[in-house]
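Visitor: I am new to this structure and would like to learn how to read its features one at a time. Could you take me through them slowly?

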Amino acid sequence: MRSSPADAGGPQVFRSPAAVVIWWVWVLFAVGNLIDLAVQGRDHIALVAAFILLLVTGIVYVSALRPKLIADASGLTVVNPVSSHRVGWAALAGADPTDLLRVRCAWPEGDGTRQRAIYAWAVHSSRRRQVAAELKAQRQSRRGAGGLGGFGGAGGFGWSRGLGSAADPATPEADPLRVDAGHVITALTERAAQARIDAPDAVATAPVSAWDWPAVAAVLLPGLALLVAALV
């Protein structure tokens with residue numbers, strides 16, 4: 001996981017180091033093979049193989065390189081394979097370490113409150129690690145160490161119960177090749193709480209979501225080209 005810069009007041013980027021490595025390894029592999037096809041390939045099969053390489057490159061790009069979380073002074077940006085979501089701190093209601101990190105949003109609308117869940121592809125949490133964390137927390141609670149409660153910040157900012165922070169003994173040992181969900185939730189908790197202190201009168205607004213058309217094109221165009229080449 002990467003978080004930069006170190007200053008908590010600046011933007012923080014959370015993404016998987018392993019995914020970035022996979023992307024660059026694939027780029028080297030694909031470029032080498034495309035050069036080989038350009039030099040030696042002169043037939044239809046070489047053309048189809050080139051489009052296959054481009055299609056897989058697009059898939060690896062959107063699934064490995066793009067996913068990330070960006071936390072800055074005004075809110076959180078969730079970048080997924082072909083879309084992005086912008087959530088202001090005032091609308092951030094919580095997060096849960098499901099298979100994909102679930103960011104819960106809530107904002108007033110009319111006479112009630114609207115809610116929405118956004119799943120962040122950049123942060124995965126295996127079921128085994130979740131169960132291990134829960135069992136450790138339960139054992140510590142029985143020994144009198146005290147269980148972890150949900151975070152209660154200003155405006156009802158409630159985080160998932162039973163999840164330790166990166167430095168908490170209830171959290172399993174971190175994997176340097178993965179984005180640690182506990183660390184991410186801790187960082188978002190701190191930034192959201194600080195944002196609510198700095199701007200207590202901020203009004204929660206609906207998250208803004210948008211398709212990333214270059215990312216869509218990175219997969220769609222090679223796919224269409226491969227289909228045409230295969231049918232010709």
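Visitor: Let me begin with a single residue: where is the place of Ser16?

Guide: Please keep in mind throughout that this is a predicted model. A residue can be placed by naming the elements on either side, and here Ser16 sits in the loop between β1 (12-14) and α1 (17-40).

Visitor: Is Ser16 buried or exposed?

Guide: The label follows from the relative accessible area, and a residue counts as buried when that value is under 20%. Ser16 has a relative accessible area of 16%, so it is buried. Its side chain also reaches the backbone nitrogen of Ala18, at 3.3 Å.

Visitor: Stepping back to the whole chain, how many helices and strands does it have?

Guide: The chain has five helices and ten strands. Of its 232 residues, 39% are buried, while the accessible surface comes to about 12800 Å², with 63% of that belonging to carbon and sulfur atoms. As for how the sequence folds back on itself, among contacts between residues at least 6 apart in sequence, 61% join residues at least 24 apart.

Visitor: How should I read a single helix, and what span does α4 reach from its first C-alpha to its last?

Guide: One can set the reach of a helix beside the length expected for its number of residues. Helix α4, residues 181-198, has 18 residues and reaches 26 Å, close to the 26 Å expected at 1.5 Å a residue. At its start, a side-chain oxygen of Asp180 comes to within 3.1 Å of the backbone nitrogen of Gly182.

Visitor: Which residues in α4 are buried?

Guide: A general idea helps here: an α-helix has 3.6 residues a turn, so residues three or four places apart point the same way. In α4 the buried residues include Ala181, Val184, Ile185, Leu188, Arg191, Ala192 and Ala195, and Gly182, Ala187 and Arg196 are also among them.

Visitor: What about charged side chains; how many salt bridges does the structure hold?

Guide: It holds five salt bridges. In one of them the side chains of Arg86 and Asp72 meet at 2.8 Å, N to O. That pair links distant parts of the chain, with Arg86 in strand β4 (residues 83-88) and Asp72 in the loop between β2 (68-71) and β3 (75-79), 14 residues apart. Arg86 counts as partly exposed because its relative accessibility is 24%.

Visitor: Which residues are linked in a network of salt bridges?

Guide: The network links Asp96, Arg102 and Arg104. Within it, the side chains of Arg104 and Asp96 meet at 2.8 Å, N to O. The two partners can be read separately: Asp96, at 11% relative accessibility, counts as buried, whereas Arg104, with a relative accessible area of 26%, is partly exposed.

Visitor: Which residue does the side chain of Arg114 meet in a salt bridge?

Guide: Arg114 meets Glu109, at 2.9 Å, N to O. Arg114 is partly exposed with a relative accessible area of 41%, and Glu109 is partly exposed as well, with 40%.

Visitor: Finally, which residues form a nonpolar patch on the surface?

Guide: Leu220, Leu221, Leu224, Leu227 and Leu231 form this patch, and together they have about 520 Å² of accessible area. To take one of them, Leu224 lies in helix α5, residues 213-231, and at 45% relative accessibility Leu224 counts as partly exposed.

Notes:
Residues numbered from 1 in each chain as written. Predicted model: local features only at pLDDT ≥ 70, side-chain atom pairs only at ≥ 80, totals over all residues. Heavy atoms only, no water. Helix = DSSP H or I, 4+ residues; strand = E, 2+ residues; numbered from the N terminus. Expected span 1.5 Å × (residues − 1). Buried < 20%, exposed > 50% of the residue type's maximum accessible area, 1.4 Å probe, protein only. Polar contact = N/O pair within 3.5 Å; in protein donor to acceptor, adjacent residues only side chain to side chain. Patch = residues over 30% accessible without salt bridge, like charges linked within 9 Å, V, L, I, M, F, W, Y side chains within 5 Å. Areas by Shrake-Rupley, 256 points an atom, 1.4 Å probe, with all protein chains shown as cover. Salt bridge = Lys/Arg side-chain N within 4 Å of Asp/Glu carboxyl O. Contact = heavy atoms within 4.5 Å.
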